[in-house]
Amino acid sequence: GTKVGPHKRNPQMKCLKASSLISIVAAVGAIAAVSAPAKAAIVGEAYYSRQAIDCVYSSGATLSTSGNGNIYNSSTTATTTVVCPIEYDYYTAAYGVAGVELTVTDKSTAGNISCALVHVTLNGATATAGTAASTSGTSTSATVLTLLPPAVSATVDGNHLVKCTLPKKGGSSATMTSYFVFIGI
């Protein structure tokens with residue numbers, strides 16, 4: 001038998017030219033770019049993440065927590081509003097909060113999860129919400145909601161928070177899992 005090692009080529013193997021491989025990769029990338037759904041983009045650097053259990057009850061039905069750090073609304077009669085804190089520290093003050101990615105699973109047939117990134121002035125007098133992002137329909141898999149800050153937060157010093165409304169339970173509950181904060185570097 002003939003040994004085939006790193007120093008000899010196997011005559012039965014056909015190799016693609018580098019230019020052919022690049023063309024294939026470019027074509028696949030172009031198809032993926034065309035078929036990808038439009039999504040708000042956060043311009044910034046990932047800073048830190050938190051479990052949803054760090055969010056606190058604000059109003060409505062009683063907030064429920066799971067053993068793995070998720071939060072949900074188990075009420076079949078009312079929505080729940082929660083607030084998720086964002087640390088005000090050197091980096092968020094110096095670079096600003098560029099956005100938040102919030103992971104949710106909405107199994108409720110009674111409504112959708114709706115969230116917004118909110119800017120609050122340092123004296124607490126004015127709260128301005130960014131454009132709300134929400135789920136649509138029901139899903140058993142995780143969905144990432146992209147939350148962008150309101151335009152005012154780029155010009156006025158202050159704190160940020162995420163405010164979400166969890167729908168009432170319909171069949172199953174809508175669940176919040178975690179959130180990832182981005183800063184504007």
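Start with the whole protein in cartoon view: its secondary structure comes to two helices and twelve strands. This is a predicted model, so keep that in mind as you click through.

**The overall view**

Colour the chain from the N terminus onward and follow the order of elements, which reads α-β-β-β-β-β-α-β-β-β-β-β-β-β. Of the 185 residues in the protein, 32% are buried. If you switch on contacts between residues at least 6 apart in sequence, 74% of them join residues at least 24 apart. Now show the surface. The accessible area comes to about 10,800 Å², and carbon and sulfur atoms account for 56% of that.

**Stop 1: strand S11 and its partners**

Select strand S11, residues 158–166. Then add strand S5, residues 80–85, which pairs with S11 in the antiparallel sense over six bridges. For a landmark in this pairing, pick Cys 84 and look across to Val 162, its bridge partner in S11.

Next, bring in strand S7, residues 114–121. S7 and S11 also run antiparallel, and eight bridges join them. Here the pair to label is His 119 and His 160, with His 160 on the S11 side.

**Stop 2: the nonpolar core**

Stay with Val 162 and show side chains. Which residues touch the most other members of the largest nonpolar core? They are Val 162 and Met 176, in a core of 25 residues. To see where the core draws its members from, highlight S5, strand S6 (97–108), S7, strand S10 (143–147), S11 and strand S12 (171–183); each of these gives two or more residues. In soluble globular proteins, nonpolar side chains tend to be buried together.

Now display what surrounds Val 162. Leaving aside neighbours within four places in sequence, Val 162 is in contact with Val 82, Val 83, Cys 84 and Ile 86, and also with Val 100, Cys 115, Ala 116, Leu 117 and Leu 147. Cys 84 is thus on show twice, as a contact of Val 162 and as its bridge partner.

**Stop 3: a cavity**

Turn on cavity display if your viewer has it. The structure holds one cavity of 30 Å³ or more, and the volume of the largest cavity is about 30 Å³. To find the place, select the lining: Ile 86, Glu 87, Tyr 88, Thr 92, Val 97, Gly 158, Asn 159 and His 160. Which element gives the most to this lining? S11 does, with three residues. Two names here should be familiar: Ile 86 is also in contact with Val 162, and His 160 stands opposite His 119.

**Stop 4: Ser 173**

Move to strand S12 and click on Ser 173. Is Ser 173 buried or exposed? At 12% relative accessibility, Ser 173 counts as buried, because the cut-off is under 20%. Measure across to Lys 107: the C-alpha atoms are 5.7 Å apart, although 66 residues separate the two in sequence. Beyond four places in sequence, Ser 173 is in contact with Tyr 72, Asn 73, Ser 74, Thr 105, Lys 107 and Ser 108.

**Stop 5: Thr 62**

Finish in the loop between strand S2 (56–60) and strand S3 (63–65), where Thr 62 is found. Thr 62 has 63% relative accessibility and therefore counts as exposed. Not counting residues up to four places away in sequence, Thr 62 touches Tyr 57, Asn 73 and Thr 80. Asn 73 is also a contact of Ser 173. For a last distance, try Thr 62 to Ser 74: the two are twelve residues apart along the chain, and their C-alpha atoms are separated by 7.9 Å.

Note on methods:
Residues numbered from 1 in each chain as written. Predicted model: local features only at pLDDT ≥ 70, side-chain atom pairs only at ≥ 80, totals over all residues. Heavy atoms only, no water. Helix = DSSP H or I, 4+ residues; strand = E, 2+ residues; numbered from the N terminus. Buried < 20%, exposed > 50% of the residue type's maximum accessible area, 1.4 Å probe, protein only. Contact = heavy atoms within 4.5 Å. Pairing = 2+ DSSP bridges. Core = buried A, V, L, I, M, F, W, Y, C linked by side-chain atoms within 4.5 Å. Areas by Shrake-Rupley, 256 points an atom, 1.4 Å probe, with all protein chains shown as cover. 1 Å grid on protein atoms, 1.4 Å probe; cavity = no way out; pocket = protein on both sides within 12 Å on 5 of 7 lines; lining within 4 Å. Points joined across faces, edges and corners; volume = space filled by probe spheres on them.
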